[in-house]
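User: I am new to this one and would like to understand the labels used for it. Could you walk me through them?

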Amino acid sequence: MSRGSSGIVAGLTAAALVAVGVLAFQASANAPDSLAAPKPKASVTATEHAKPKEKSRPAALPKGSGTGKRVVYALADRRVWLVDADGKATRNFEVMPSALNPLPGTYKVGTRQGTPTKGSDGVMIEHVVRFAMVDDASVGFSAAVDGSMESPDPKLKTGGVRMSREDGDAMWGFAMVGTKVVVLP
């Protein structure tokens, strides 16, 4: 084969591999949860931090959560609100807090990662929206690819605030780099 045609073959091969990779990712992202691997069991070492509060889950946006477009994360309530520029909560949902929590205050989305990756706890995650650092670990919102929202192992230094895949999609579409994140106690 001549030098020119081998370059063409290499280019076509690379393009084919990229196309197959994109199609495989799309297929895995759209696969029904019934085809997913079995969900891991909750850790027997889960601490009091991982137990939900006894009170009912609020749906109303907490007072004193700021103004303008923002993500509001209430640690004690284990709930997130997506608030538009007019101050209207367009969506709210339950989350599983991470082992490491940021102090109450105002943060900004610093980085995002759209491709599936392995979280610090070993679980495959998607739609990662990072907004804080605690003990040299990134804290951010993400959804487990298998849909799980298990309590974090308190022995691991993890910062993933987990949500359902549907809520992860909504967070991904809402929280761009620079979006305000208000963390409440």
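Analyst: Happy to help; this is a predicted model, and we can take the labels one by one.

User: Why is Arg-162 called buried?

Analyst: Buried means under 20% relative accessible area. Arg-162 has a relative accessible area of 8%, so Arg-162 is buried.

User: What makes Arg-162 and Asp-121 a salt bridge?

Analyst: The cut-off is a side-chain nitrogen within 4 Å of a carboxyl oxygen. The closest N and O atoms of Arg-162 and Asp-121 are 3.1 Å apart, so the pair counts as a salt bridge. Arg-162 lies in strand E9 and Asp-121 in the loop between strand E6 (117-118) and E7, so the pair ties together parts 41 residues apart in sequence.

User: Why does Asp-121 count as partly exposed?

Analyst: Its relative accessibility is 32%. Partly exposed lies between the 20% and 50% limits, so the label fits Asp-121.

User: How do you know that Glu-126 forms a salt bridge with Arg-165?

Analyst: Their closest N and O atoms are 2.8 Å apart, and the limit is 4 Å, so Glu-126 and Arg-165 qualify. This pair links distant parts of the chain, with Glu-126 in strand E7 and Arg-165 in helix H2, 39 residues apart. At 6% for Glu-126 and 14% for Arg-165, each is under 20%, so each counts as buried.

User: Why is Glu-166 called exposed?

Analyst: Exposed means over 50%, and Glu-166 has a relative accessible area of 59%, so the name applies. Glu-166 also forms a salt bridge with Arg-91, and Arg-91, Glu-166 and Asp-167 are linked in a network of salt bridges.

Key: Residues are numbered from 1 along each chain as its sequence is written. This is a predicted model: local features need pLDDT of at least 70, side-chain atom pairs count only at pLDDT 80 or more; totals for chains, interfaces and linings use all residues. Side-chain values use heavy atoms; hydrogens and water are left out. Buried means under 20% relative accessible area, exposed over 50%, partly exposed in between (1.4 Å probe, protein chains only). Helices (H or I, at least four residues) and strands (E, at least two) are DSSP runs, numbered from the N terminus.
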